[in-house]
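Colleague: Hi! Could you walk me through this one while I have it open?
Modeller: Happy to, let me put it up.

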Amino acid sequence: MARVLVGVKRVIDYAVKVRVKPEKNGVVTQGVKHSMNPFDEIAVEEAVKMKEKKLATEVIAVSVGPTQSQEVIRTALAMGADRGVHVEVSAAEYDLLQPIHVSKILAKLALDEKADLVILGKQAIDDDANQTAQMTAAVLDWPQGTFCNKVEKTDAGLTIAREIDGGLETIKTKLPAVLSADLRLNTPRYATLPNIMKAKKKPLKKVTPKDLGVDTTPRIEVISVEDPPVRQAGAAVADVDALVAKLKAGGHI
Ligand code: AMP
């Protein structure tokens, strides 16, 4: 297997309490801590492990987004990716970018870079779309292994254990293929300081969707974004009779 392409998305850090903009057309991103989408750390780890086991020769980290997206590419490079591709879009364009656009971009890069494998996260924690891996596979007309729990290289291709409701499903596929990483696939390594320094010298190419021939005109329009409903405070009752009376009064029973 020659090249593995990994998608790394810059998202609002998982520990940040996300706030909806007063105009209710999105969430506040300015001045908010961002980091690599957690499932993408797992995708990078899997690709780097493949390289360490000499199953892959090169790992390429791709991020589509504004200038700051280069930060997550550098993190991937510090984790062990060999080079990066930043597909630059303006912040305004990024707000309207959808999984179909990212899929077309990743598919074009996979062909241009002669990748044998594309590994993405199962889901971006900001849009919760869970669409990009599936659509990338469709655009490329490659087989897909989604929600990967375990990936093993065989002579014929890959054997994959997938997380499904209540268990695991094992499939095999030929290469090239597209995978999406689930939570238990591996434990991603931390980027060490010496590796962060080394990563600054690794190559990072910049292109635009237009260079790749991908039209990023939005397909859908977000009508409104709402905060989750605020949970009402609970109340203590003296005994079961009081509880039943309260439930009856509230029309719950
Ligand atoms: P989604 O379909 O939006 O939930 O995203 C699933 C996966 O696709 C993410 O975990 C990333 O690996 C990849 N992906 C989505 N958006 C981007 C992006 N802007 N840049 C790079 N990879 C992305």
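Colleague: Which residues have the most contacts inside the largest nonpolar core?
Modeller: This is a predicted model. In it, the largest nonpolar core has 32 residues, and those with the most contacts inside it are Val4, Val6, Val8, Val44, Leu117, Ile119 and Leu179.

Colleague: And which elements each supply at least two residues of this core?
Modeller: Two helices, H1 and H2 (70–79), plus the strands S1 (3–7), S4 (58–65), S6 (115–121), S7 (144–153), S8 (158–164) and S10 (177–181). The largest share, seven residues, comes from H1.

Colleague: What is valine 8 in contact with, beyond its neighbours within four places in sequence?
Modeller: Its contacts are Met36, Asp40, Val44, Ala61, Val62, Ser63, Val72, Ile73 and Ala76. There is also another core apart from the largest one, with 26 residues, among them Val85, Tyr94, Ile105 and Val207.

Colleague: Back to H1 for a second. Is glutamate 45 buried or exposed?
Modeller: Glutamate 45, which lies in H1 (residues 38–52), counts as buried because its relative accessibility is 3%, under the 20% cut-off. Leaving aside neighbours within four places in sequence, glutamate 45 is in contact with Met79, Asn186, Thr187, Pro188 and Arg189.

Colleague: New topic, the sheet. What is the strand order?
Modeller: The sheet is open, with nine strands in the order S9-S8-S7-S10-S6-S1-S4-S5-S11 and mixed pairing. S9 (167–173) and S11 (204–207) are at the edges with a single partner strand each, so one side of each has no neighbour in the sheet. From one strand to the next, the twist averages 35°.

Colleague: How many bridges join S8 and S9?
Modeller: Seven, in the antiparallel sense. Alanine 161 stands opposite threonine 170 in S9.

Colleague: Which strands does H2 touch, and which does H5 touch?
Modeller: H2 packs on the sheet against S4, S5 and S11, and its direction makes about 165° with that of S5. H5 also packs on the sheet, touching S6, S7 and S10, with about 180° between its direction and that of S10.

Colleague: Last one: why call H4 largely enclosed?
Modeller: Because 10 of its 14 residues are buried. Among them are Pro99, His101, Ile105 and Leu109. The cover over the buried residues of H4 includes S1, S4, S5 (83–88), H3 (91–96), S6 and H5 (132–140).

Colleague: How does the span of H4 (residues 99–112) work out?
Modeller: It agrees, because 14 residues at 1.5 Å a residue should span 20 Å and the end C-alpha atoms are 20 Å apart. After H4 comes lysine 114, with a positive phi near 55°.

Methods. Residues numbered from 1 in each chain as written. Predicted model: local features only at pLDDT ≥ 70, side-chain atom pairs only at ≥ 80, totals over all residues. Heavy atoms only, no water. Helix = DSSP H or I, 4+ residues; strand = E, 2+ residues; numbered from the N terminus. Buried < 20%, exposed > 50% of the residue type's maximum accessible area, 1.4 Å probe, protein only. Contact = heavy atoms within 4.5 Å. Core = buried A, V, L, I, M, F, W, Y, C linked by side-chain atoms within 4.5 Å. Expected span 1.5 Å × (residues − 1). Pairing = 2+ DSSP bridges. Axes fitted to C-alpha atoms, helices over the stretch in contact; angles between N-to-C directions.
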